[in-house]
Amino acid sequence: MGREVLKERVQEEANAWWRSSGKQRSATDPTFILSCAPCNVICSILFRDRFKYNYLMNLLNENFRLVNEPWIQLYNFLPAFGTYLPGEHKRIFNINEELKDFILERVKEHQKVLDPNNLRHIDCYLSKMQQEKDNPQSQFDLENLKVIGRDLFTAGTVTTHSTVRYGLLLILKHPEVQAKIHEEIGRVIGHNRLPSIKDRQDMPYMDAVVHEVQRFIDLIPLNVPHAVNRDIHFQQYILPQSQ
């Protein structure tokens, strides 16, 4: 948060997504293009270029599907027993290895053209790894880099696009909310520039809608409860006990 390079990557992808979605003139399923958007941002941060790989996106979607399966939930509760049980939960380990192999392949491409005088993105990690290659206690190694990259993709792609999809569905079901969002966007941002994180302070309604979407949806199974077990008084609002 607050880093200019991150803001620029998100703005670039938002603009590309808007141009692509603006070509649609009929009902369409936004799942794939919404999936690519956060993946593009992470790829541009790590590898300098935007996402071009259906293979990677398929792996991430399959990983998210398996995480929501009952077998995985059972495995999380009883890992010792889950090891011996048949089922799709074993596929998730293969996916994790495939994701790490994909990242390692891209890392090796960067190692071939690493320029110590022009470090950008993942090059900074590779440079530090080179500096500490003789230090057995160093945490900068390829294995850690693969795990970090995998975690960025698995935690930052499907979760993000699923949240946006939920948000689109919810504002379609609540046109009065959609109208207020449109009014605030038009008043604060207008039609001649991209939104910025700085706009957040001037868009309390949009900020509240984003937080309400994240509170309302059930994105990750077995996550923290989304219910209120007693009446809560917060500032001038009352959150009634869930029935």
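I started with Gln235, which sits in the loop between β1 (232-234) and β2 (237-239). A reminder to myself: this is a predicted model.

Next I looked up the backbone there. Phi of Gln235 comes out near 50°, a positive value in a residue other than glycine. Is Gln235 buried or exposed? I get a relative accessible area of 64%, and the cut-off for exposed is over 50%, so Gln235 counts as exposed.

Then I went to the second largest pocket, since Gln235 is part of its lining. I noted about 460 Å³ of space in this pocket. Besides Gln235, I wrote down Ala208, His211, Glu212, Arg215, Val228, Phe234, Tyr237, Leu239 and Pro240 as lining residues. Which element gives the most to this lining? That is α11, with four residues. Both α11 and β2 supply at least two residues each. Sorted by class, I have six nonpolar, two polar and two charged residues in the lining.

Last, the core. I find 33 residues in the largest nonpolar core, and Phe47, Leu56, Leu60 and Phe153 touch the most other members. Several helices supply at least two residues each to this core, among them α2 (31-47), α3 (54-67), α6 (91-112), α8 (142-156) and α11 (204-216). So α11 turns up in my notes on the core as well as on the pocket lining. In soluble globular proteins, nonpolar side chains tend to be buried together.

I picked Leu60 for a closer look. Which residues is Leu60 in contact with, leaving aside its neighbours within four places in sequence? My list reads Cys39, Leu99, Phe153, Thr154, Thr157 and Val158.

Notes. Residues numbered from 1 in each chain as written. Predicted model: local features only at pLDDT ≥ 70, side-chain atom pairs only at ≥ 80, totals over all residues. Heavy atoms only, no water. Buried < 20%, exposed > 50% of the residue type's maximum accessible area, 1.4 Å probe, protein only. Core = buried A, V, L, I, M, F, W, Y, C linked by side-chain atoms within 4.5 Å. Contact = heavy atoms within 4.5 Å. 1 Å grid on protein atoms, 1.4 Å probe; cavity = no way out; pocket = protein on both sides within 12 Å on 5 of 7 lines; lining within 4 Å. Points joined across faces, edges and corners; volume = space filled by probe spheres on them. Nonpolar A, V, L, I, M, F, W, Y, C, P; charged D, E, K, R; others polar.
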